[in-house]
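Let's take a stroll through a few residues and see where they sit. Have the sequence and the 3D view open as you read.

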Amino acid sequence: MSSQTTIARRNSAPSSAYSSLGLAVGNTPLTFVPNPSDPGTGFWAKLEGFNPGGIKDRPALHMIRRARARGELRPGATIVESTSGTLGLGLALAGIVYSHPVVLVGDPGMEPLMRRLLASYGVRLEIVAEPHPTGGWQQARRDHVTRLLERIPHAWCPDQYGNPDNVDAYGGLAHELLAQLPHIDALVCSVGTGGHSAGISKVLRRHFPELDLVGVDTVGSTIFGQPARPRLMRGLGSSIHPRNVAYDSFSEVHWVNAAEAVWSCRALAAGHYVSGGWSTGAVALVARWLAAIRPADTVVAIFPDGPWRYWDTVFDDGFCAARGLLDAPPADRPDRIALPAEREVARWTRCTTVTDPLGTAGHGR
């Protein structure tokens, strides 16, 4: 082969279906996080922060790709969606890859850094002013999305909360784990839309039928039957009941509060040079405990993003001190309740009976 042919091939543009931006998503690293008090035990962490925008790059690209293939999303049509941040980054990426304008609806809790990033990626961001009386900021954002869909010709919404493509998008992540580890006994996932916990566990259980799926929610979230309360943590939890949550797949659920997540994030950073935001901290707290009580098992935790987005929240002493989040290490083990609605929880709490609050039969172990 001539040198000129080689140079031509190197410089040829990838096909539109496989833009170099899209190829940057996936194949994220896996690292072992040992328990400081017993280095022989620990858990494996899948570092989704190594994607360009985080874990939700995967469903953003997949949902847009599938909608285009079905003809639901026309070429050049506007994508409209609600986001607390991470999916917004993924949709900004997908919009650039597939040449779609993107309009996102956020709320006042969205960090200034996230707002500036989205704007720099060409996203039009609209911020709702008031929470919904019962559905909180999430429902207020979704209601505004509905209004935008009525006003923008041919606009399309991915509906991350109920779109099955959101779940299917995580098959690739599951297969990466299968290639990285010979066996997996327990998978620990934060739960927001329910997409990655459902999608990863569905594939892994074809290979490991006895896999335990451990969900991690935030105090004040309604997903697993607790009452809705104002929540500081973003990226996990919900004031609504997303249809993608696979209640019958969970072995147990844990609720974690903001101070516990902050402690966990900072301990990860100081001890392991790896960390992330609210979801990562909450998941790491639970995974560390689970690995300690199950030392013979392989425990895998999904870290949805890295720490950079949280420099002025989780990793800012002033922000945390003003909210009473510092110097509050969590207990050595979770509190326990027998049923999700037994009582309102305020700290790290575990329940091994998982039910759908809307009435679908649950699953407990």
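Threonine 349 is buried, with just 1% relative accessibility (buried means under 20% relative accessible area, exposed over 50%, partly exposed in between, using a 1.4 Å probe and protein chains only). This is a predicted model, where local features need pLDDT of at least 70, side-chain atom pairs count only at pLDDT 80 or more, and totals for chains, interfaces and linings use all residues. Residues are numbered from 1 along each chain as its sequence is written, and side-chain values use heavy atoms, with hydrogens and water left out.

You'll find threonine 349 in strand E11 (residues 349–351). Helices (H or I, at least four residues) and strands (E, at least two) are DSSP runs, numbered from the N terminus.

Which residues does threonine 349 touch, leaving aside those up to four places away in sequence? They are Val253, His254, Trp255, Pro334, Asp335, Arg336 and Ile337, where a contact means heavy atoms within 4.5 Å. On top of that, a polar atom of the threonine 349 side chain lies 2.7 Å from the backbone oxygen of arginine 347.

Now for two loop residues. Most residues other than glycine have a negative phi. Asparagine 27 and serine 99 go the other way, as the table shows.

| Residue | Phi | Loop between | Relative accessibility |
|---|---|---|---|
| Asparagine 27 | near 55° | helix H2 (20–23) and strand E1 (30–35) | 67%, exposed |
| Serine 99 | about 60° | helix H4 (86–98) and strand E4 (102–106) | 55%, exposed |

Terms used: Polar contact = N/O pair within 3.5 Å; in protein donor to acceptor, adjacent residues only side chain to side chain.
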